[in-house]
Amino acid sequence: MNTATETHHNVSEPERWLSVVAGSAIAAYGLTRRSLSGLVLASLGGALVWRGASGHCAFYEAMGVSTRGETEDDGRAVSVPYGRGIRVEKSVTIDAKPEQLYIFWHDFTNLPRFMDHLESVEMTGGGRSHWKTKGPAGTKAEWDAEIINDVPFELIGWRSVEGSQVDNAGSVHFTPAAGGRGTTVRVLLRYDPPAGLFGAAVARVFGEDPELQVQEDLRRLKQILETGETPTIEGQPTGRKA
Amino acid sequence: MKAVCWWGKGQVRVVDVPDPKILNPRDAIVRVTLTAICGSDLHLYDGYVPTMMKGDILGHEFMGEVVEVGSEVKNLRAGDRVIVPFPIACGRCFFCKEKMWAACDNTNPNAWMVEALMGFSGAGMYGYSHMYGGYAGGQAQYVRVPFADVNPAKIPNGIPDEKALFLTDILPTGYMAAENCGIQPGDTVAVWGCGPVGLFSILSAWMLGAARVIAIDRVPERLRLAQRDGRTEIVNYEEAGDVFAALKELTGGRGPDRCIDAVGMEGHGHTADAVLDRVKQAMKLTFDRAHSLRQAIHCCRKGGTVSIPGVYAGFIDKVPFGTAFGKGLTLKMGQTHVHNYTRMLLEKIESGVLDPSYIITHRVSLDEAPEMYETFRNKEDECIKVVMKPAG
């Protein structure tokens with residue numbers, strides 16, 4: 001998983017310095033007390049110093065918070081940066097080869113075939129694409145995205161370009177399943193709905209339950225690639241009157 | 001066209017609905033020539049299965065003539081006579097490739113509903129609630145058959161509908177139940193429940209080499225069929241009282257080697273929210289309804305097998321698991337992988353070794369469905385199996 005090291009840096013630079021200074025002061029004061037409560041203060045101070053020095057805060061991590069801005073991302077090799085917003089990770093195992101899945105996904109115009117909230121994706125050249133979501137007038141969103149990580153047959157990472165309506169990023173990883181039983185497709189998606197009413201509308205487009213949405217998107221991907229179609233009952237007869 | 005629609009608890013109506021259309025490239029449309037009411041349809045009728053909607057077309061046991069095929073269906077053509085297995089398989093996922101058709105990954109468009117409660121979903125089914133896909137069923141003049149390139153089996157013209165129809169569900173279900181027993185030469189097989197599945201389990205147990213078959217029920221006409229056509233010894237549990245003692249006596253103190261629970265219980269799985277209430281409802285039921293399973297576990301000989309074709313739902317209370325462990329029992333169960341048995345059973349029917357039509361007690365038209373559901377549910381009029389001719 002390429003985000004593993006990322007989780008260690010979730011505290012911003014100024015906050016790191018503050019942690020070191022405040023932590024040292026608290027630790028020093030605690031040590032001078034020569035009591036049990038002093039020892040507790042000293043360890044708290046020590047922890048703050050460590051937090052400042054390492055740039056990693058376990059509490060922030062547990063809360064899914066980072067005060068470290070995305071601009072500090074090194075090399076932009078990570079497509080789903082650690083941080084705020086809505087973050088979903090889902091997997092599915094598909095009876096196909098990684099190459100096949102990679103090629104299918106790499107053509108982003110295929111994405112609306114299984115991603116329910118997308119109206120269309122156009123490839124606009126140079127690894128860039130233009131995305132449009134479904135929805136009634138006023139709730140549609142559009143943005144341009146660029147591929148930022150591309151390892152043939154293994155992974156594709158993308159993110160919206162600067163100044164997009166909806167800041168979002170995603171990556172997909174293709175790993176051969178154990179025993180040659182297909183390929184595990186793991187998707188990580190993150191988006192920050194913009195503030196205000198428009199943001200709420202966009203959030204609705206992405207679904208009330210993003211986890212379920214991504215799970216169902218991946219199910220459709222599996223259905224298309226394994227069976228050649230999406231099973232449906234839309235349009236079958238019922239005794240219910242229209 | 002005419003279709004039998006679910007209209008609420010205890011209510012079934014024959015309604016004029018639009019004809020089905022091809023919706024996907026692997027679809028076919030079949031003109032139904034014969035269809036049956038299954039015991040498991042009664043779970044729907046009695047309102048135990050959530051996610052049924054007023055107007056849903058019922059029926060998962062049906063056969064007929066292909067009238068139209070989608071662009072990807074190359075192995076069927078208009079005019080072919082087919083039976084259609086009740087679980088809809090895609091034929092291409094891991095489970096289908098392993099011949100576990102009823103566990104298909106891809107055919108239930110509402111799999112998330114089942115997953116919410118059970119973790120995983122099996123195949124979609126015809127006319128069996130929206131949690132199992134919401135596919136319109138075959139108690140109708142026409143039916144849409146998805147994945148028609150892998151599911152239907154062609155039936156030679158020489159075999160009448162009544163002999164072929166039960167290949168869709170109850171005949172292979174009875175067979176798989178007996179197969180799951182792993183019958184060894186000399187084995188005594190005890191079968192709880194002499195409805196259609198129990199009766200076919202009995203026939204199959206003989207085919208698979210059982211030395212003795214004992215049938216347990218309380219309905220006289222069912223026991224009569226088991227005895228007459230199934231050549232079983234019988235235990236009427238209302239008369240015998242203590243079934244354990246009766247079976248122990250009949251088997252010289254050892255207990256039956258293989259036990260088949262062809263009773264099951266009401267209810268059939270559940271979904272997301274409305275669901276937990278349903279589960280509680282089902283749990284209330286289980287106090288009596290899991291009785292046959294508890295008894296089978298209790299009666300089975302040491303090292304024996306308990307095979308469960310009867311449908312169970314969410315949670316069962318007071319299963320004597322210590323008994324099962326203490327005796328080292330094998331438990332086998334699950335929805336039937338119908339497709340695995342069609343050819344073999346069809347050959348037996350064709351050669352005259354097997355004629356499953358003997359269980360049919362009622363032959364009616366589709367219009368009579370509402371009263372037939374009631375008759376079947378109440379086990380009135382010695383009703384064991386109802387078949388309906390949509391054309392007639």
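Begin by selecting residues 2-6 and 12-16 of chain B: these strands, β1(B) and β2(B), form an antiparallel pair held by 5 bridges. Within this pair, B:K2 is bridged to B:D16 of β2(B). Between the two strands the hairpin has 5 residues, and here B:G8 adopts a positive phi near 120°. The structure on display is a predicted model, with an ipTM of 0.90 and a pTM of 0.83.

**The side of chain B that touches chain A**

Keep β1(B) and β2(B) selected and show chain A beside them. In the contact between the chains, 34 residues belong to chain B and 23 to chain A. On the chain B side, β1, β2 and α3 (111-118) each contribute at least two residues. Coloured by class, that side of chain B comprises 18 nonpolar, 7 polar and 9 charged residues.

**Helix α6 of chain A**

Next, select residues 210-227 of chain A, which form helix α6. The 18 residues of this helix should span 26 Å at 1.5 Å a residue, and the 25 Å between its end C-alpha atoms agrees with that. Which residues of α6(A) are buried? They are A:V214, A:D217, A:L218, A:R219, A:L221, A:K222, A:Q223, A:L225, A:E226 and A:T227. To see what covers these buried residues, add β1 (86-94), α4 (98-106) and β7 (183-192) of chain A; α3 of chain B is also included in the cover. Just beyond the helix, A:G228 has a positive phi of about 85°.

**Chain A as a whole**

Now display all of chain A as a cartoon. Its secondary structure amounts to 6 helices and 7 strands, arranged along the sequence as α-α-α-β-α-β-β-β-β-β-β-α-α. Chain A has 242 residues, of which 29% count as buried. Of its contacts between residues at least 6 apart in sequence, 52% connect residues at least 24 apart.

Colour chain A by pLDDT. The average is 80, and 68% of the residues score at least 70. Among the elements of this chain, α4(A) has the highest mean pLDDT, 97, and helix α3 (residues 58-63) the lowest, 55. Two stretches deserve caution. Residues 1-7 of chain A stay under 50 in pLDDT, and the model gives them 9 contacts beyond four places in sequence. Residues 69-80 of chain A likewise stay under 50, with 24 such contacts.

**B:H60 and the strands that follow**

Return to chain B and select B:H60, in the loop between α1 (41-45) and β4. Is B:H60 buried or exposed? It is buried, because 25 other C-beta atoms lie within 10 Å, where 20 or more are required. Beyond its neighbours within four places in sequence, B:H60 is in contact with B:C38, B:F86, B:M125, B:Y126, B:G127, B:Y128, B:G137, B:G138 and B:D169. For contrast, select B:K302: it lies 242 residues from B:H60 in sequence and 37 Å away in space, C-alpha to C-alpha.

From B:H60, move to β4(B), residues 61-69, which is joined to β5(B), residues 81-84, by 4 bridges in an antiparallel arrangement. One of the residues to label is B:F62, whose bridge partner in β5(B) is B:V84. β5(B) also pairs with β9(B), residues 153-154, over 2 bridges and again in the antiparallel sense. There, B:I83 has B:A153 of β9(B) as its bridge partner.

**The nonpolar cores**

Select B:V30 and B:V191. In the largest nonpolar core, of 126 residues, these two touch the most other members. Apart from neighbours within four places in sequence, B:V191 is in contact with B:G198, B:S201, B:I202, B:V213, B:A215, B:I216, B:I260 and B:A262. A separate core has 24 residues, including A:V88, A:A141, A:V166 and A:A169.

**Helix α11 of chain B**

Finally, select residues 291-299 of chain B, helix α11, where B:S292, B:L293, B:Q295, B:A296, B:I297 and B:C299 are buried. These buried residues pack against β10 (188-192), α9 (243-250), β13 (258-261), β14 (305-308) and α12 (321-327) of chain B.

Colour chain B by pLDDT to close the tour. Chain B averages 92, with 93% of the residues at 70 or above. Residues 267-278 of chain B stay under 50, and the model has 36 contacts for them beyond four places in sequence. Residues 284-288 of chain B also stay under 50, with 7 contacts of that kind.

Note on methods: Residues are numbered from 1 along each chain as its sequence is written. Chains are lettered from A and ligands numbered from 1 in the order in which they are written. This is a predicted model: local features need pLDDT of at least 70, side-chain atom pairs count only at pLDDT 80 or more; totals for chains, interfaces and linings use all residues. Two strands pair if DSSP finds at least two bridges between them. Two residues are in contact if their C-beta atoms, placed from the backbone, lie within 7 Å. Ala, Val, Leu, Ile, Met, Phe, Trp, Tyr, Cys and Pro count as nonpolar, Asp, Glu, Lys and Arg as charged, and the others, Gly among them, as polar. A residue is buried if 20 or more other C-beta atoms lie within 10 Å of its own, exposed if 12 or fewer, and partly exposed in between; C-beta atoms are placed from the backbone. The expected span of a helix is 1.5 Å times one less than its number of residues. pLDDT is the predictor's confidence in each residue, from 0 to 100. A nonpolar core is a set of buried Ala, Val, Leu, Ile, Met, Phe, Trp, Tyr and Cys residues joined through C-beta atoms within 7 Å.
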